[in-house]
Every structure is written in structure tokens, then in C-alpha cells.
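Me: Could you take a close look at the aromatic side chains for me, and then follow them out to where the chains meet? I'd enjoy one connected walk through it rather than a list.

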6 protein chains.
Amino acid sequence: MAQGDSPPPCKYFNLTYPLPFVAHVEINRPEKLNAFTDAVWAELPPLFSHLSTSPSTRAIILSGAGTKAFTTGLDVQAFSSPSSALNPQATSKLDTARTAQYLRRHIDDFQAAITSIEKCSKPVIAAINGWCLGLGIDISVCADVRICAKDTRFAVKEVDIGLAADIGTLSRLPKVVGNGSWVKDVCLTARIFTASEAESVGFVSWVGKTGGKEEVISEALRIAEVMASKSPVAVQSTKELLNWSWSRSVEDGLRYTSVWNSAALQSEDVMESVKSGMEKRKARFAKL
Amino acid sequence: MAQGDSPPPCKYFNLTYPLPFVAHVEINRPEKLNAFTDAVWAELPPLFSHLSTSPSTRAIILSGAGTKAFTTGLDVQAFSSPSSALNPQATSKLDTARTAQYLRRHIDDFQAAITSIEKCSKPVIAAINGWCLGLGIDISVCADVRICAKDTRFAVKEVDIGLAADIGTLSRLPKVVGNGSWVKDVCLTARIFTASEAESVGFVSWVGKTGGKEEVISEALRIAEVMASKSPVAVQSTKELLNWSWSRSVEDGLRYTSVWNSAALQSEDVMESVKSGMEKRKARFAKL
Amino acid sequence: MAQGDSPPPCKYFNLTYPLPFVAHVEINRPEKLNAFTDAVWAELPPLFSHLSTSPSTRAIILSGAGTKAFTTGLDVQAFSSPSSALNPQATSKLDTARTAQYLRRHIDDFQAAITSIEKCSKPVIAAINGWCLGLGIDISVCADVRICAKDTRFAVKEVDIGLAADIGTLSRLPKVVGNGSWVKDVCLTARIFTASEAESVGFVSWVGKTGGKEEVISEALRIAEVMASKSPVAVQSTKELLNWSWSRSVEDGLRYTSVWNSAALQSEDVMESVKSGMEKRKARFAKL
Amino acid sequence: MAQGDSPPPCKYFNLTYPLPFVAHVEINRPEKLNAFTDAVWAELPPLFSHLSTSPSTRAIILSGAGTKAFTTGLDVQAFSSPSSALNPQATSKLDTARTAQYLRRHIDDFQAAITSIEKCSKPVIAAINGWCLGLGIDISVCADVRICAKDTRFAVKEVDIGLAADIGTLSRLPKVVGNGSWVKDVCLTARIFTASEAESVGFVSWVGKTGGKEEVISEALRIAEVMASKSPVAVQSTKELLNWSWSRSVEDGLRYTSVWNSAALQSEDVMESVKSGMEKRKARFAKL
Amino acid sequence: MAQGDSPPPCKYFNLTYPLPFVAHVEINRPEKLNAFTDAVWAELPPLFSHLSTSPSTRAIILSGAGTKAFTTGLDVQAFSSPSSALNPQATSKLDTARTAQYLRRHIDDFQAAITSIEKCSKPVIAAINGWCLGLGIDISVCADVRICAKDTRFAVKEVDIGLAADIGTLSRLPKVVGNGSWVKDVCLTARIFTASEAESVGFVSWVGKTGGKEEVISEALRIAEVMASKSPVAVQSTKELLNWSWSRSVEDGLRYTSVWNSAALQSEDVMESVKSGMEKRKARFAKL
Amino acid sequence: MAQGDSPPPCKYFNLTYPLPFVAHVEINRPEKLNAFTDAVWAELPPLFSHLSTSPSTRAIILSGAGTKAFTTGLDVQAFSSPSSALNPQATSKLDTARTAQYLRRHIDDFQAAITSIEKCSKPVIAAINGWCLGLGIDISVCADVRICAKDTRFAVKEVDIGLAADIGTLSRLPKVVGNGSWVKDVCLTARIFTASEAESVGFVSWVGKTGGKEEVISEALRIAEVMASKSPVAVQSTKELLNWSWSRSVEDGLRYTSVWNSAALQSEDVMESVKSGMEKRKARFAKL
């Protein structure tokens, strides 16, 4: 890590650099299957905000600690505790409209926390194994690339606890999976789906052969290493331009692209990429 | 069915309740392969408008009566009759601009009829078998989930009668199937495609093993039963939020979601869902 | 070809009519694997603008001349020449903001050239074999239908030369392929992907069985012939309505469709299509 | 009125034809200052739907019966009655989320009723005098032209009864008045504003000189007569194209316009307009 | 004018440079009150495309030659000639749908011609006097600044010839004038409005005191000279960012702005502007 | 102020409560005419974020300390200091694309700071006097209501320092002022405009009679007091719904409104507002 480029202190996330420029973030609450409490998700935005501008980081792997789960989602116990903003009991003495205002603020904050993964300027690879439920889906669809172990079990779990997913799944899943019928099916039934189903509908782009977490991390490292070896200007521009275009018309996507590249093309990385390619050597790029 | 919760009289649609809270709507003109005349589609909006607010209904199956077809689409004979709004002969003495105005009104009405399926607040499962042509596709892409029998035959038939599909296929198909090349192919050639092709491109999310209508209805009942067992607040919210987000940016989807859930989260269904889960019993929800 | 319906002179594109109403455009620089120089892409807009209004043309096949490539993309040698607008050396003495303005104009022109394929009112079938790199992807995603030979090799190559693709891939690929994880993977790593991978994620809708260019052209001819046999009003309307809806909400798609069809439905093609179908004869349509 | 062109029966609206092709709609509950109960607004959609397609109608004047008010808005007494959907008491035993669902349906219906004025294909001139409060503003901003008597008193009254206007004012007022500061001021304070203030900020385009209702009706008739003397194709197209463009980008406005006019320009009205102008005679147009 | 910076030959437009960097374009058909034939508008795009990139040009004045009119709009005689695309007689033998297609192409071309003024990267000041009818409004609303003589007479004339304005007025007028009632009034009645009315509703931002063309040109020169004295990077960026934001949400406007300025702020013009301001001298900027 | 409701410490902003529930924020750097350095704008987001949720605050007045200026905008000296992110010298050794990335991040942060005023859920009244330049306009257009002293002098000053305004003016000014020609004029010339001009074009909604700051603050207090006396649910909902609709279509505005109000209408404030009105007493609302 570069000097003066130090991450925020985290209790619920491990941050390591297994390869040059490749960060590995682990959701670190394995004894609870990496379930999220308020304290967990509060650490997410400063961490990804740091990674977004850290010059030591060009690609990020996101996985769950331990071998059993990426994450099982919201910690239901914490969620039903008296102090939880989402606990109806906790707010029941308030006027309905005021309760609504507090809930809206809470959801907005929660959405913003998860969105910090999407807004992170470096590509994020979700390396998923074991259980990936509820919030696990919200997080996965914010990542750029999703790969998983053969024995992963997924579910858009929210209707099972009486609510519609509100941290991102319903806004992003239809845009990253091109099978509307399947999206509605899994969101409306909360049923479990397997790795192979996830692959066949296009929710993940790679599934491990043997099962277990190790080969997923290994594949994630392989992909991350490739991304980290390319021009950071090119890689970060590509992520941004894809994210912008995804939500907008082709016309607006094209125009935004030409404005963006009017600065990005003036990078020395272009010549370095071309030259290093001709000279069959590894390219060296300035930090970003 | 709840008292005072009576459906509008229908000649061309059967409405039954094979399971608690599960409605089954059959397009009922089997002798004409369930082809649509003006009289048929006029019954659609009041029926789905009723189901949308009927507290006895939590999930809906839509299928074609008989064993031969979901629907073969517009009834071409009726369509070429002197009284049809779409018959050029019928309007040919009028000024072109005035004819255009009448046609626009007619298409708008027709679109609104089909859209009533999409706007219905309860999930709709299209259980398709036999022929599913033209208008059959327009209707299917309005449904939330699409499943079909092994021997189903589909076609976006409209170019074969000299026109571009205008009741919804061209607006919705690109959003529910993530294979742009295939969408253009089937829309521009009007060729027939099979159940297995439909599954591989993501147009349907389940195909029967043995062929025939029975197993499709059986699978539809299984899915509908699951949906009907969940909190109606959660299920109806999920449908609405997915439909809104599908057409809009991620940002606008997220915000709409937090506003929507600021009321929905105050439901007693949340506690009932969590509790019944812990107590391993079936949840009981108030009507909606 | 109809009298007075003559195409613009082209050096880098061959234009032939292998079947009635079916145009075949070949990118014609086989000795350079059909790589694009400024001179090549300058010929594209007048050619597709001609085809768009040529009454002799109802469907278009686009392929690469020779057997080795659809196109390998930008000609890197030309691109690094002193006179290239994209060569940083060439503009380095200018103020950064002024350079940005010139680059923007250049990219806008380049985008418009490629977009002429999308705007062409006749359907375009990209028949791809051999190498399809960089610009080849930008062009393919502008086409309506994409099919390829078994041994085709694709790559969204741009990050390898230090830049984000800016001629259309990043705006269009997420809309035509419904696997967000895969889209990000191939765009951020620039890795090669195969025909069978392209088929499984929905980038192409057909892959040849035996390999080689011949069977791809043969399949393209088959599809084009079908499209060319239908009402040109219906086919061109269908392309336009799909393209409009792809970038917009369902509501705006439906309304645009009813306005469009208020004129299109007044076509004699409707009656001719219905009649010829009943009489089991080939339909004859006026030119368009 | 043309034969077979009969309006729906109305208790709370008067419909007269003071001039050929000019309809005059009066809100007819003068003893209650034309305040709206559920029964009043229920009559609005069928009436404007009729006028939208009535060939006897080319321009519409909308005013309040009596001399005291256009309308004072929602009838507060009716609104606080036990049976009102908006009465919190009436729904207080229900689950919050279910109450929200019923309220949403009610607001959607109410909005649709008011929107029927905007969707009416004929131009609507709001001729306002006396009190124009709350719902009166919602209705006025749906009309195409707003004129008023010198002594009219307006207010966006809703915050005074503890709610945000939800029938259209907050969505339409910012689009029809180009003074954002004034819009926020009157919506957030619920203060009364005068005719001359309304004119100076652009909320109305004409104010009477002497006060009283008569001269407003007289000016409305003058404007309506001019509109009714023009080609109905031209007038109705102009209303539609303005309404569409108001909510969309210039690019989408232009494209919709060219598609719309591709049918509208084929009208005989063009030649009749040009000819009658040259021959200095009144134009005669077919009905629409 | 810079060497090698030569404008396209024009018959119907005069181009002069009354001040350094200030171009003056005159619509030059005074004997016909500057009415537009096909030949006139065909010259518009190449002329404004040239000015857009001409380094000798930093601000543009657009006026009508002679003293009687800015322009009276479409030349009605030319318009009713047998060869006009808009003449119904000329196309009446064609199928309605085909005629629609030809009309659409014609309108699209016509719109694009007028839009070249909006797309021109340099600011355009419409200096209007005498008659400004129909097409004159379409052109004016494409300009950035509109000023006029005291005795100017305006009308959105199109409904008088049986059609809805389709070259831009209906898409742009609601965005540049904040008085929706007035916009609908003048568009639906085709009535004449005066300079002082135009000023009071915000259609023009300056009206002459004495009448006549001379003082309008003089004021236009004054404004243009100021614009031409500022950094061309700053001025052209400002025009572009305003035009983009006008049609889009605040959020999308802000993001586009930060991307644009990430290149524009790297201009030497910033330091030169600040320095010259401190040194109380005229700034000198590189060409653009 | 409520207990436990304490504002963040501020050096450059004064916060007082001149009336119950009415906060007064003063930009507090009068010796520098309230010019902004990085340190000044860094304090803005935590302050307005606090006010947004502070139950003691129902309306906010924003003004400049001292009698000479609201603010003269960016502190040019600070801006040209070696450490400023906007100083080209400071970043000139970096790659152009990397500099662009840093500038983009800086502008995004700066925009977000200013946007915190718009996002604040309580209404903000800008009470402007003296100089209001550059950044002063960016801030003003984020406020809900703008009023000013008779002798205020405004300018969209940015082109004078060689750049396009990028903190919000170009995105918001066209939406709050309905005179497109005037907006372009003042943005492209950077000329000074007066209070009376600001009023006539609709940039401010009130101008003092006598000059000086005192009467502006007095009017601001009057307006704020009215807003603070109304239901906070109604007022905050109205601000949010207007802001959302401003950037979106009427259709999307209406739907968002009905979803929002489905919770807000369940407030006790509705009954309290109606009752207190009938009982002619001041309403008492729970905190929000």
C-alpha cells in the first residue's frame, strides 16, 4: 500500500492485498454467517470510498469470511431488537407520516451504503460461496462481476420476512439479468436458486467446477489480476461509462462517452499500452 | 371468494379459484383457438381491474381454454370484417389524418386493455401451451412469470399480416429478454420458435418435461400457491417496484423504493412473517 | 437495383445483391484483416444512408471480406500515425481544453458513422467470422441480428490500448446482452471470447455447425430472404419501434407505437399480406 | 350537436354550446362555491372523455357556475365525513400498509379524473373568477389556457389542511410557470395571490379590466371561437405535441413530432386552409 | 477570417464579420420577405456547421436582410408547387404508409437543418425585426438569445395552414418561455403578438426603444462583442451545458457538467482570464 | 433548540433561531464579502444535513453576514493558491486524464456540498443583498425561495474567469427562470443584473422597497414564520414533491406523489389542521 494511503479502521471487514493492486475485502462476521447488523453496514461506505481513490488499488475482490456464506443478509435478531429502526414496535407510538419519514431516511442511508460499491471507481468482483441471501443479492448486483462456487445457494429472501427488497435488488436485478420471468419468479417466491441456475439465466458469469470457496477466490484473483494489469484510466472509464449507459438511452450514453473520453484519451496510458504491446512487455502505468 | 367481492360477468374468460387466494383465468374461446375479437378484449380490463383489488386474490394464473392454444392472436376473420376499426376498407373514405386519429384511439384502447394485466397489483403467471401467436406474445410479456408446455409454438406474428406489433410486444419484449439479436430475429421474421428456444433465450423460466397442458397448469399452481402464502403487502410491493424500476434509472428506482417502503414497512405483516417463521407455522395475513 | 437508385462510390466496401431486395455489404480490406482507417469509416455513413432509402433494398447482410476476419478493429498503425486525431503527439502542443474539443468532435463523428447502421431503416444482419475485435463489436451491436461461425474470436479490445470503448459498445452492449456480469467481465479484461460463449450469453443468436465463413453467409441469406419477403412497411416499422422502445420506458414505447402505426396501418400491405396468405401465394409489395 | 353524439348525464356540470363547435362546461354547485365532493369529480372523466371525441366540439370553456367562485376546492365537510376515503378515522383500524394501498388507489383515481382535462384532445380554456382554491389550481393547470377576472383570488391551499397537493398542482405548476421562487412560495405558504400577481408571474395569460365573471367568459368565447375556426387536425395535433414535449427532451419532442405529422400532414385540411386563406373565405373542415 | 477557414458558398445567406470574431448571418431573400424555400434551408446546415468550428468566429448574429422581416416563414407558393414534398397532390398516388415514410424523412431533414443553429458551438443571437412568422419562430427558439425591434410582429402561424408546427417550435417554446397559458394561446390561435408582449412573457430579453432594425443590430453587436471577448472555452462550454441540462434532470445535468469541466478546467484560459482581470487588460485567448 | 439536537461546530456560518422553528444561517466571512474558500464550503453539508433532521427547525433563512454581500463567490486568491485543486499549476505535472479524474472528484464534492441545501427537507429562503456573484447564484438556485434588496447586484460570473459554472447554476437556472433568452444572455456575458431585472424575469419573487439588508431579512422572517406555522409533514412533503417533479415528466411526478402521500396522508396533522382552522386557533404539530 502506498504511504499515506491508509484505509479506515474496520471491525467487520478484512482488507488484504494478495496481489499488487488487487484488494481483497472480506465480510468478516463468519460466526453469524456474515449477517449484517447496523454496525456492519456502517463500515461499508468509508471502506469503499477509500478504495475508490486509493492509488494502490486497481481491482477489488469481495467475499465472505469463513466457508459457509457470502452473507445470509440482515441479521434478523438484530433487526427485531427494540433499537432497530426497522422494528415497528420501536416507532409505533409515532404518527404514521413521521414514522414514514424516519424509515425513508433510514432506507436512503442503507441504500447509499450499498451503492458505495457501485460508485467505487475500481471494478469489484463478488466471489460468492455458501449462502447468499437477501442483502447478499443487493450487494452482489452492485458488484461488477459475479462468480460463485458450485454449491452456492441464493435467494431474494425479503418477501419471506414480509417486505419488498429495498436496498437495490429490485432496481438492479432486472438490469443485470435478461430473463424477466425468472427475475419475477425468484423475487416473488423467495425460493432458493442454485449456482447452475444462476449461471444459466446470467446472474453469474462463472461457476466453480468442484465446489467450495477456494476455487472461486482463485478465479477472482485471476480476473482481478488481469484488470489490474491494464491502464487504470481505461478500466475505471469503462466501469463508469457502462454504469451510466445502463440506466440511460443509447443517445445519452454515446454523448456522455464522447465527453468523458475527450479527457481520458489525452492519457499517456494510450501510448504506453500500445508500445508495451508492441514490445511484448508488461505496461507500467502511473497511479490513479 | 369474499362476500361483496364479485367479479364482472364474462363470456370469454373463465374465472375459478382452484386454491385459496389463487385465481385461474382462462381465455375461453377454445373452438376458435382462443383468438381475440373486439368482444374478447373488451372483457379483459374490468376482469383484471377486479382481480387487482379483490381481497380473495393473491396470485393469478392465466391460460387458454382447451388443449390446443394459449391464443392464436387476433381473429383474422373478425379483423377483416367491415365493422373492424382496423379494416382499411372501413375507414377509407375518411381523410388520412382523421383515420389516423381514429386508429390511434383504437390502438390506445387496445394497449390499455392488455396493460391491465401489467397494472394488476397481484402477480400473474402465464401458463402457456399449444399455439401462442401475435397477441399471445403481447399478453405473455405483460404477465410476471411465463412458463410453457414442451410442445408450445410461439411467433411474433404481426409482420406476416403487414403490420408492426402495436399492443406491447415491441415495447416489452426487449426489456424481458436479454438477447437483442434473437428479439430482432423473431420480430422481423415472424418465424415460429419452440419452447426450448424460448427457455434458452430467457423468454420463459420453466418448460414442461412431458408435453401437454396439464403439467404446465400444475407447475403454475405450485408457483401461485407459494406466492399466495407470502405477505400480500410484500408480494404486491415487489411486483410494483420491479415494474417501476424496469423502465427507469437505478437512481429513480431506488428513491421510489424507499418512498414506497416507508409506508409498506409499517405493516403488521413484517412481524407476522418473522414470528411465523420462527414458530414454524403458516403465516396468516390480513386481506389486501 | 432500381434505376436512379445508385449507391455512392466505395473503395472499402463491396455492395452486391445476391437475392432480390437483399443487399450484401462486405468490409473490403481483407489484406489488413478489414481493419478500419479514417478512410474506411468515412465511407460508412453515405453507404448506409443510401441503403436506408434505396427501394431495391429490404434486408442487408454485413460481413468482412476474405476468410480471416469480420474486422480486427481500428488499424493501430494508422491510429499512431502523426496525422491521426487520436494520436496524442499530434495534438500535444494545444491547450488541454482545446484538444478535448477536437477529440469530442472526432468521437462524435466516428460515433455517428457507426450509428448510421442502427439508423438505417432496413434490418442489418451481421454475419461474423474469424476475428471480431474492438470496433468490430461496436459495429456488431449496431446491427439488428448477429450470427457467427463456430470459430469466431471476439474481444472488446479497447482497454488493451489504454482507452474505454467510445464508439458504441459501452452504450449498446448492456442493452443487447442480458448478463451484466459477463458484459463487465469482457469489457474490463479485454479477453477473447468464443462463438459458443457468445451464443450462451445471448450476444449472437446463431452459431454455425462446421466452422468457416460460408455457412454463416448462407444462414444470413436465409434470414435476409425471409425478411425481404415480408411487407417493407411492417419490417421497417418493427425495427424502428424496437429501437425506440429499447432506450425508453414501456409507457413511452407504447405511445410512440400507436402514433407510428396510425399511419402505418393505413398501408395496402395489410390487405395484401392477409390476402396472399389466404391465397397461399407470395405477397407483392410496393417499393419502400 | 351531431346526432348520436350525446354527452353523459351530469348533475354537477352544465354543458352548453354558446357558439358552433364551442362547448361551455360549468362546474355546477354554486350554492357550495362549486366545491368538489366525490360525486362531483366522478362525473368529470366521462364528460371530458365524451368531449374529447365529440365531433361537435372543437374548443372548450371551463368555468364555475354562479358569480362567486371557479371552485373553492375539496368540500371539507364531505372530506371529513365518516365515509370519505381521505378521513383517517375511517381507515384507522387497518394496517398502515393496507391503508396506504387504499389511499394510493384513491389518489390515483382522483388524479386520473383531473388528468382527463389534459388528455382531452380539444383545447380547454379555464375562465376563472372569484375563488380558485386548492383543487381549483389542480384543475386550472390541466387546462391549456388560463384567463381570469380582475378580482379573482387564488391559493394552493393544501398545506393549510395538513397535506401536500396530490392531484397535480405540484407536478404541473413548475412546468407552466417560469418563476421557481414564486411557485415554492405559494405552495409552501398557502397564501392567497391575486389576478395581477397571477398575470405577472405567468400563471394566467389574460386578466379582465373591470372585474366580474362576464368579461372573462366573453374573452374565453373570443379565444375559443378562433380555435374552433381553425383546422381541427392542426389544433388537436398542436395540443398533443406541446403536451408531449413539455415533459420530455427536445430530441424526443422533435422525433415524436415528425412521426405524428407524417399522418397529420396528409390531411385535406392543409389544402383547405391554404385555399380558403387565398380566397379570403372561412375554411370548412370535416368533423373530428 | 483565418486562412483556410472559408465558409461554404451561400446564395440565400450573407456572412460578414462586422467585428473581430463576430459573425453576422443575414437571411438573404428580402424581396420575398426572407421566406424559405427548399433551396434556402438546404444552405443552413453547412453554414452553421462551418461557423461551429471556424476559429475566426466566437459569437454569431442572425437577422433578416432588408427592413421588413426576419422571415415570414415557409414560402407558401413554393410549398404548394407540384414538386414540394409537403404538397399532398404530389404524393397522393402513393400508399398512405409510404407517403408517411417520405414525409417523416423530409421533416427529419428539415428539423436537422434548423437544429444546426442549436448545435452550433458558438452562441447565436437572433436580432429580429418586422415579420417573424412560422418558421421564424422555429429558428428563433433555436438561437441562444432573442432580441427584437419595437415594431416586430410575431406569430406561430402553422395552424393557419392546417398543420401543427413541426420544425421545433412545439418542442422548444415551452422550454424557453415560462408561461404555459400564453404558449398554448399563441400556438393554438396563430394570433399575432407584439414585441412588448414577447418581452413581458419572456420570449425575447430585449426590445428596441425607437423601432426599426438598426438599433436591434446595434444591440446584437454589443452583446456579441462581449461574448466574443470572453474565453471561447468558457463560452462554448456554457452554451453546451445549458442546452444539455435544459432537457434533463438536475442530477444528470450536474454529472455531465463535472465530466465536461474535468477537461475544460485544464485550459490556459482560466489563468489568462484571472491574470488579465487583475492586470486590467484585455484577455487574449487561443483560437477555438 | 431541542435537547440533544445540537448543530455541528461552524466557523464560517452563524446559526440562530430568531423565531420558534425558524433557523437563520448567515454566511460569515463579511471581511471578505463572504467569499468561499475550501474551508467555507466544507462546513455547508454537515450544517444543512443537521437542519434537515433537526426537529427544532421548520424553515430556514440563508443570508450573508455584514451589509455588503450575500457572497462574491469563490475567493479568487484562495483559488489561485498553490494548494487549490482548481489551480492548473498545482496539477500540471500529472497526466491529463488523471488530472481530469481529480478535478471530477473535486467538482462532484463541491456540487454535493451546494446540493445539501436543495436536499435539506426544510424550506430554505435565500435573503439576498449587496453582491451575489458566481457561487452566490449556484447557492441561490438551490434555495426554495429567493428574495432580495433593491440594490442587490447579481452576476453569473464564471465565464469571466475562463470557465463554465459547474456547481449548479447551469443545471438549475433554466428550470427556475422561464426566460431562456435571458438565461443564456446572463450566463454567456457574465454581465451584472439588478434586483428589478431579477424580479421581472422571475429569478426572485420579492424585492425590497427601500434598499438595504434589513427589510429583506424582515420579509424572509415573515415568510419563514408562515411556513413554520403549517404542518411540517405538509411543508416538507410539498418541497420534496416539487423538487422531484421539476426534473421529471408529469406522469412520473403524479405517481411519485400518490405513493408519497399514501403515508403522509395518514398523519394526525391533517385532522389537527382542519380542526384548528375550524376552531380559529393556532395548530400544534408534533416535531419532525
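Reply: Happy to! One term first: a residue is called buried here when its relative accessible area is under 20%, with a 1.4 Å probe and protein chains only. Please keep in mind that this is a predicted model.

Let's start with the rings. Over all chains, a search of the whole structure turns up 48 aromatic pairs. One of them joins Phe154(B) and Phe203(B) in an edge-to-face arrangement, with 5.5 Å from centre to centre and 85 degrees between the planes. Phe154(B) belongs to strand S8 (residues 153–155) of chain B, while Phe203(B) is in the loop between helix H8 (195–201) and strand S10 (206–207) of chain B, so this pair ties together parts that are 49 residues apart in sequence. Is this pair buried or exposed? Both Phe154(B) and Phe203(B) are buried.

For another geometry, turn to chain D. The ring centres of Trp244(D) and Tyr256(D) are 3.9 Å apart and their planes are at 5 degrees, so this pair counts as stacked. The cut-off behind that label is an angle under 30 degrees between the planes. Here the link runs from helix to helix: Trp244(D) lies in helix H10 (residues 232–246) of chain D and Tyr256(D) in helix H11 (residues 250–264) of chain D, so the pair ties together parts that are 12 residues apart in sequence. By the definition we began with, Trp244(D) is buried, and Tyr256(D) is too.

Rings also gather in a group. In chain A, one aromatic cluster is made up of Phe154(A), Trp182(A), Phe193(A) and Phe203(A).

Some rings have a charge for a neighbour. In chain E, the ring of Trp244(E) has the charged end of Arg248(E) over it, 3.6 Å from the ring centre. Trp260(E) has a partner from another chain: Arg104(C) lies over its face, at 3.6 Å from the ring centre.

That takes us to the places where chains meet. Chain A gives 44 residues to its contact with chain B, which gives 47. Together the two bury about 3,900 Å², and 64% of that is on carbon and sulfur atoms. On the chain A side, the residues that lose the most area to chain B are Ser181(A), Lys184(A) and Leu188(A), together 17% of what that side buries. Four salt bridges are counted between chain A and chain B. An example is Arg248(A) with Glu251(B), whose closest N and O atoms are 4.0 Å apart.

How are these two chains related in space? A 120 degrees rotation, with 0.0 Å of shift along its axis, superposes chain A on chain B at an RMSD of 0.0 Å. This is the relation of a three-fold axis. Gly178(A) has the C-alpha nearest the axis in chain A, 2.1 Å from it. Only 5% of the interface residues of chain A are also interface residues in chain B, so the copies meet through different surfaces.

Last, chains E and F. Chain E can be laid on chain F by a turn of 120 degrees and a shift of 0.0 Å along the axis, with an RMSD of 0.0 Å. In chain E the C-alpha nearest the axis belongs to Gly178(E), 2.1 Å from it. Their contact takes 47 residues from chain E and 44 residues from chain F. The salt-bridge count between chain E and chain F is four. Asp108(F) and Arg255(E) form a salt bridge, their closest N and O atoms being 2.5 Å apart.

How values were computed. Residues are numbered from 1 along each chain as its sequence is written. Chains are lettered from A and ligands numbered from 1 in the order in which they are written. This is a predicted model: local features need pLDDT of at least 70, side-chain atom pairs count only at pLDDT 80 or more; totals for chains, interfaces and linings use all residues. Side-chain values use heavy atoms; hydrogens and water are left out. Rings of Phe, Tyr and Trp (its six-membered ring) pair if their centres lie within 6.5 Å; planes under 30 degrees apart count as stacked, over 60 as edge-to-face and the rest as tilted. Helices (H or I, at least four residues) and strands (E, at least two) are DSSP runs, numbered from the N terminus. Buried means under 20% relative accessible area, exposed over 50%, partly exposed in between (1.4 Å probe, protein chains only). A charge sits over a ring if NZ of Lys or CZ of Arg is within 6 Å of the ring centre and within 35 degrees of the ring normal. Copies are superposed by least squares on the C-alpha atoms of residues with pLDDT of at least 70 in both. Contact means heavy atoms within 4.5 Å. Buried area is the accessible area (1.4 Å probe) that two parts lose on being put together, summed over both. A salt bridge is a side-chain nitrogen of Lys or Arg within 4 Å of a carboxyl oxygen of Asp or Glu.
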